[in-house]
Amino acid sequence: IALFIGLFTLAVLTFSAGLAIFLGQQMATPLRKMAQKAIHISRGEKNLAFETRPGDYWEIVELSKAFDSMLRNLKAAEEKSRYKELLENVDDAVYLVDGRGRILDANEASYSRLGYSQAQFLALSLPALMAPADAERVLGALDAAGGRQGRRTVETRHLKADGSFLPVEIKVRPIDYRGEKVVLSVARDVSARKEAELALRESEERFRSVVENSHEGFLIIDDAFRVVYANPEFCRVVGYPPEDLRGGDVAKLLTEESLQLAKQNFFGSLRGDRVPTHYEFDVLCRDGDTRRVNVSTTIIRDLTGRQQVVAQVLDITERIRQEAERKELEDKLFHAQKMEAIGTLAGGIAHDFNNLLMGIQGRISVMQLNLSDEHPHSEHIHAIGKTIKSAAALTKQLLGFARGGKYEVCLLYTSDAADDRT
């Protein structure tokens with residue numbers, strides 16, 4: 001009996017030891033795997049899962065579930081941390097909006113620039129932040145049934161806390177966030193761009209106003225020698241409406257001689273050659289008339305980088321005509337002044353010559369008193385008297401010329417003139 005009891009006890013102890021070893025192995029293997037995965041997690045690996053097998057102990061299964069839950073929470077926390085770090089280091093406003101227009105989350109740039117606290121901003125709805133129509137366009141990114149493209153750009157204004165508005169450009173796209181579809185909105189402050197656009201528009205308006213109302217013609221020509229733009233004054237000079245000039249060849253506006261000079265200077269300036277920037281052309285008008293113009297040119301580049309020539313055109317036809325008329329008047333005045341000087345000289349000579357004739361006439365008259373008609377010198381003295389009268393008539397003509405007098409036109413018989421000279 002004692003031997004039987006001893007053998008039974010030994011068998012029970014052996015079975016208990018084997019069972020303990022078996023149970024220990026059943027528990028140690030999953031625990032060892034958990035420990036190895038915990039080591040991998042500590043090294044930064046997150047794409048792991050704690051697996052269980054049928055027949056595992058309840059405690060092991062629950063422990064695996066707890067570890068899986070902790071790992072998921074760790075991954076979510078890390079992802080949220082990266083998301084937050086990314087959002088907070090972006091200069092643009094980034095916020096999430098659900099399908100009902102509620103703001104779910106936002107970075108600091110979203111509310112700080114508008115003057116809100118985080119709580120105030122998250123309490124806003126999208127229609128309260130911007131115009132309702134623009135809010136519908138943002139939320140429309142979720143409307144897949146409407147066939148509208150998910151990604152879109154919306155230009156609108158955000159309402160600031162002080163009641164003013166901030167112009168923004170919003171890039172929107174639908175994303176999955178915590179199990180639901182939401183709209184990711186990235187809003188960029190475009191105040192500086194809007195101000196630049198306004199300044200550009202104002203500058204363009206000023207330029208257009210100056211050019212359109214200028215008394216000088218402006219012509220823009222592209223590198224193919226075609227008209228890009230012609231202002232009203234240039235159109236008035238050549239007599240063409242703007243639509244007839246735009247896109248047309250400049251050659252039809254120039255005479256042959258002017259065309260050769262224009263092409264030489266035009267293409268030379270595009271090549272960068274040293275060519276004159278001021279010259280004169282003859283332009284052909286629509287009615288066939290030719291007008292003389294003074295041209296000043298400047299090289300510019302359009303938005304695509306292509307070179308263009310801006311020609312400032314001044315019609316000098318009337319000026320040339322007036323200068324010609326003035327030159328003609330100056331010539332006439334000079335001739336009149338010259339004739340007046342000659343007349344003054346002639347008048348002075350006539351007076352002096354007349355005084356000499358009076359002296360000669362007086363002496364001839366004295367001689368005629370002392371000589372009879374039969375005296376041999378009487379005939380000569382009488383001839384001298386006639387000559388004096390002819391000289392006096394000539395003096396009278398000189399005086400008439402000097403005084404601007406009028407002359408009587410009459411027939412002259414050459415025989416009588418010859419008798420008077422003999």
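Is Glu197 buried, partly exposed or exposed? I looked that up before anything else: Glu197 is partly exposed, with a relative accessible area of 29%. A reminder to myself, and to you, friendly reader, is that this is a predicted model.

**Entry: salt bridges in helix H7**

I stayed with Glu197 and looked for its partner. Its side chain meets that of Arg193 in a salt bridge, at 3.4 Å from N to O. The two residues are separated by about one helical turn, because they sit 4 residues apart in helix H7. Arg193 comes out as partly exposed, at 32% relative accessibility.

Next I checked Lys194. Its side chain forms a salt bridge with that of Glu155, at 2.9 Å from N to O. Glu155 belongs to strand S3 and Lys194 to helix H7 (residues 191-212), so this pair ties together parts that are 39 residues apart in sequence. I noted both ends as partly exposed: Glu155 has a relative accessible area of 39%, and Lys194 is at 30%.

**Entry: the rest of the salt bridges**

I ran the search over the whole structure and got 23 salt bridges. One group I wrote down is a network that links Asp289, Arg291, Asp315, Glu318, Arg321 and Glu325.

Another pair is Asp134 and Arg137, whose side chains meet at 3.9 Å, N to O. Both are in helix H6, 3 residues apart, which is about one turn of the helix. Here I found that Asp134 is buried, with a relative accessible area of 14%, whereas Arg137 is partly exposed at 39%.

**Entry: the two sides of helix H6**

That pair made me curious about H6 itself, which spans residues 132-139. Which of its residues are buried? I listed Asp134, Ala135, Val138 and Leu139. These four are on the same side of H6, because they cover an arc of only 135° around the axis. Over on the other side, I found Ala133 and Glu136 exposed.

Then I asked what the buried residues of H6 pack against. My list has strands S1 (93-97), S3 (152-159), S4 (165-177) and S5 (180-189), along with helix H5 (126-129).

I zoomed in on Val138, which counts as buried because its relative accessibility is 1%. Setting aside neighbours within four places in sequence, I see Val138 in contact with Leu126, Met130, Val154, Val172, Val183 and Ser185. I also took a C-alpha distance: Val138 and Ile170 are 8.4 Å apart there, with their positions 32 residues apart along the chain.

**Entry: the S8-S9 hairpin**

How do the side chains of strand S8 (residues 278-284) point? They alternate: Tyr279, Phe281 and Val283 face one way and are buried, while His278, Glu280, Asp282 and Leu284 face the other way and are not.

I followed S8 to its partner, strand S9 (residues 290-301), and found antiparallel pairing over 7 bridges. Within that pairing, Phe281 is opposite Val293 of S9. The two strands make a hairpin with 5 residues between them. In the turn I noted Gly288, with a positive phi of about 90°.

**Entry: a nonpolar patch**

Last, I turned to the surface. Leu345, Ile349, Phe353 and Leu356 make a nonpolar patch of about 400 Å². I checked Leu356 on its own: it lies in helix H11 (residues 317-370). Leu356 counts as exposed because its relative accessible area is 57%, and the cut-off for exposed is over 50%.

Key:
Residues numbered from 1 in each chain as written. Predicted model: local features only at pLDDT ≥ 70, side-chain atom pairs only at ≥ 80, totals over all residues. Heavy atoms only, no water. Patch = residues over 30% accessible without salt bridge, like charges linked within 9 Å, V, L, I, M, F, W, Y side chains within 5 Å. Areas by Shrake-Rupley, 256 points an atom, 1.4 Å probe, with all protein chains shown as cover. Salt bridge = Lys/Arg side-chain N within 4 Å of Asp/Glu carboxyl O. Buried < 20%, exposed > 50% of the residue type's maximum accessible area, 1.4 Å probe, protein only. Pairing = 2+ DSSP bridges. Arc of directions from axis to C-beta. Contact = heavy atoms within 4.5 Å.
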